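Here is a short report on one protein model. It covers the strands and then the aromatic rings.

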Amino acid sequence: MRIFLIIICILSVILFTIYSDQNRLDLTFGDGIRKQDIRVRMEVLGSVKMTEIYNGSKEFDIPNGYGENEWHFSYSDSLQGYIRHFKTNRKEKHDYNFSFFKENEQYFVGVNIEGDQTLKDTIELKRKN
């Protein structure tokens, strides 16, 4: 009986993961990047105000809005960058993969958004004006 319960629990976790209706976030940090100095926020223009997604130590849920989704990244409160991702349907779920790295004393975010509206890009984090 115990083995049956363990199998049911494992199958439940697998099915929940496969059919989860949540957007997913994956953050990676390269050498020389202090993850506690990273901030990620996003807003859906016209419907969802600026929302914190990562604050240096904790991840939060990603709002599921459609239209123009703006992702804002900051490092050490002095470097910033953003990217716009268009979603055409609220029901579409995406995997948001952001990779923070340093190269030649410049800081970047590799963006790889997987889902119905994919997006791949690299943005440089620049000093505030």
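The report below takes the sheet, one hairpin and the aromatic pairs in turn.

**The sheet**

This is a predicted model. Eight strands make up an open sheet. Their order is 1-6-7-8-5-4-2-3, and the pairing is mixed. Strand 1 (24-29) and strand 3 (48-54) stand at the edges. Each has a single partner strand, so one side of each is left without a neighbour in the sheet. On average, neighbouring strands are turned by 20 degrees against each other, direction ignored. Strands of a sheet pair through backbone hydrogen bonds, either parallel or antiparallel.

**The hairpin of strands 2 and 3**

Strand 2 covers residues 38-44 and runs antiparallel to strand 3. Four bridges join the two. Where do the residues face each other? M42 in strand 2 stands opposite T51 in strand 3. V44 stands opposite V48 in strand 3. Three residues lie between the strands of this hairpin. G46 takes a positive phi there, near 90 degrees.

**Aromatic pairs**

How many aromatic pairs are there? The count comes to nine. Two of these pairs are set out here.

| Pair | Centre to centre | Angle between planes | Type |
|---|---|---|---|
| F29 and Y54 | 6.0 Å | 35 degrees | tilted |
| F101 and F108 | 5.4 Å | 20 degrees | stacked |

Take F29 and Y54 first. Their planes stand at 35 degrees, so the pair is tilted. Planes under 30 degrees apart would count as stacked, and those over 60 as edge-to-face. F29 lies in strand 1 and Y54 in strand 3, so the pair ties together parts that are 25 residues apart in sequence. Those strands are the two that stand at the edges of the sheet.

Is each ring buried or exposed? F29 has 28% relative accessibility and counts as partly exposed. Y54 has 5% and counts as buried. The cut-off explains the split, because buried means under 20% relative accessible area.

Now F101 and F108. Their planes are 20 degrees apart, and this pair is stacked. F101 is partly exposed, with a relative accessible area of 25%. F108 is buried, at 15%.

**The aromatic cluster**

Which residues join F29 and Y54 in one aromatic cluster? W71, F73, Y96, F98 and F100 do. This cluster therefore includes the tilted pair that links strand 1 to strand 3.

Conventions:
Residues are numbered from 1 along each chain as its sequence is written. This is a predicted model: local features need pLDDT of at least 70, side-chain atom pairs count only at pLDDT 80 or more; totals for chains, interfaces and linings use all residues. Side-chain values use heavy atoms; hydrogens and water are left out. Two strands pair if DSSP finds at least two bridges between them. Axes are lines fitted to C-alpha atoms, for helices over the stretch in contact, and angles run from 0 to 180 degrees between N-to-C directions. Rings of Phe, Tyr and Trp (its six-membered ring) pair if their centres lie within 6.5 Å; planes under 30 degrees apart count as stacked, over 60 as edge-to-face and the rest as tilted. Buried means under 20% relative accessible area, exposed over 50%, partly exposed in between (1.4 Å probe, protein chains only).
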